[in-house]
Amino acid sequence: MSWIKALTACLVLSSLLSSSQSVPISVDKTKVKVPEEQVQEIPQSVDTGLHYDRYLREVIDFLEKDQHFREKLQNTGIEDIKQGKLAKELDFVSHHVRTKLDELKRQEVSRLRTLIKAKHDMEGGNDVAVDHQAVLKQFEYLNHMNPHTFEVEDLDRLIRSATKDLENYDKERHEEFKKYEMMKEHERREHLKSLSEENRKKEEEHYEEMKKKHADHPKINHPGSQNQLKEVWEEADGLDPDDFDPKTFFNLHDSNGDGFFDEQELEALFTKELEKIYDPANEEDDMVEMEEERLRMREHVMNEVDTNKDRLVSLDEFLMATKKKEFLEPDSWETLEQTQAYTEEEMREFEEHLIRQEQDLIQKTAELQQQRDELERQQEQLNAQKKELQEAVEHMERLKIQKAPPEVHVEGNEVPESPNDQHQAPPENQPLPPGHQDVPAVQQDLSHGQPLPQDSHPNVIQDVPQVP
Ligand SMILES: [Ca+2]
Ligand SMILES: [Ca+2]
């Protein structure tokens, strides 16, 4: 098994082959430093569909440039790769490749942080700080404890994660398809509910008619059978069916010439069959269903033909399969519309789930409205308090102005005379000015001009000589 094959098989990255082949082996034999434009180039291989697809492909792309790593890969079996033996060879790759891998990892960590932040913001958690370290743990394909350099553990994690994730990838696609179909049916049922009796009847008739029209198509050949491949040979390749030769067929459709049928190359073989059922111009043909049918066909052929389970069909495996009875006399292929995507029970659960989601949404909306009302109420209260405070301040200002003395121009040491001073009593030992003895504190003897003791006051009055 070729070195590229070993790694791609392990990673189920058959699509990588096209890009690997385009990198000349001599590149880093002659050049110590990889040219910058080549460094920046993104591999043009088929997307694996993983969310870290770009990172994965860039890492593989750079490892391929290292001669030591390539040689080790050549001599390492799939199981050993899966067990992490290949990852250990990272310690021996050249410095500039390591530096580039460090850079790729830092970029990936930064991309994840941006994603986490964006998700966090969307969920409305602006005021709470994100614990990146904790959230990063969910991304198992790199070592988040060391965000700066790419180490053996990073390669090990990448290999393990990609293997696991790609194995689950088809399963997830089937699940998504099922949900898609249930949602379609749910919307149809809801639409029917909104119609009048008469229109509902018409709509139902139309639906049945379209279903019938979709199911009416030429016979579908069993995927991977002689009949199916012969049709490709004749119609797509334009060759005489009598000349059909499996080995020639294999070489013709091994598009990248690596000696294996990968998933994409296999799927391409089913286009002729799928065109018998699906036409994008027809109302009754759903192209999402066409892709599900393509996936089913590829899975079926892989299961039958890929005996060593590396998700690639070698020429030997292919030739072995052409000798089997199923190849020559296959069963009929049950197409998607002939199978039930979901049970009524699953549909019921799905709709219940939708109702719960809707109720949650209504509840959340109500809670938000309540919070909004409360905030508005608090705002009004604050406004009222502010107004009161403002009025109090204005009142104080007015009082201050009333009490304050009029502004007097003062020269030298002259003390301004207060208007209140006029009403103040003069200092104690100063004689009162005439006419100011308003208080009879000391009564004067009017005849003698002598002060009299206070207790003699009534007599003094009596003693006043009577003028005849
Ligand atoms: Ca191939
Ligand atoms: Ca195989």
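## Close-up views of a predicted model

**View 1. The first EF-hand span, residues 241-276, is 56% helix and 6% strand.** Its end C-alpha atoms lie 19 Å apart in this predicted model. The name of the span comes from UniProt, where an unreviewed entry places the feature "domain: EF-hand" at residues 241-276 and also at 293-328.

**View 2. The EF-hand span at residues 293-328 is 67% helix and 6% strand.** Here the C-alpha atoms at the two ends are 22 Å apart. Put this view beside View 1 and you have both stretches that the UniProt record lists under "domain: EF-hand".

**View 3. Asp 262 sits in the loop that links strand 1 (260-261) to helix 15 (263-268).** Is Asp 262 buried or exposed? Asp 262 counts as buried because it has 24 C-beta neighbours inside 10 Å, and the cut-off for buried is 20 or more. While you are zoomed in, look for Leu 312: the C-alpha atoms of Asp 262 and Leu 312 are separated by 5.0 Å, although the two residues are 50 apart along the chain.

**View 4. Helix 5 (residues 53-64) meets helix 9 (residues 95-122), with axes that come within 10 Å.** The axes cross at roughly 175 degrees, so helix 5 is roughly antiparallel to helix 9. Helix 5 brings Tyr 55, Glu 58, Val 59, Phe 62 and Leu 63 to the contact, and helix 9 brings Val 97, Lys 100, Leu 101, Leu 104 and Glu 108. Sorted by class, the contact has seven nonpolar residues, three charged and no polar ones.

Methods
Residues numbered from 1 in each chain as written. Chains lettered and ligands numbered in written order. Predicted model: local features only at pLDDT ≥ 70, side-chain atom pairs only at ≥ 80, totals over all residues. UniProt positions renumbered as here; feature names shortened; annotations may be inferred. Helix = DSSP H or I, 4+ residues; strand = E, 2+ residues; numbered from the N terminus. Buried ≥ 20, exposed ≤ 12 C-beta atoms within 10 Å, placed from the backbone. Axes fitted to C-alpha atoms, helices over the stretch in contact; angles between N-to-C directions. Parallel < 35°, antiparallel > 145°, perpendicular 65-115°, else oblique. Contact = placed C-beta atoms within 7 Å. Nonpolar A, V, L, I, M, F, W, Y, C, P; charged D, E, K, R; others polar.
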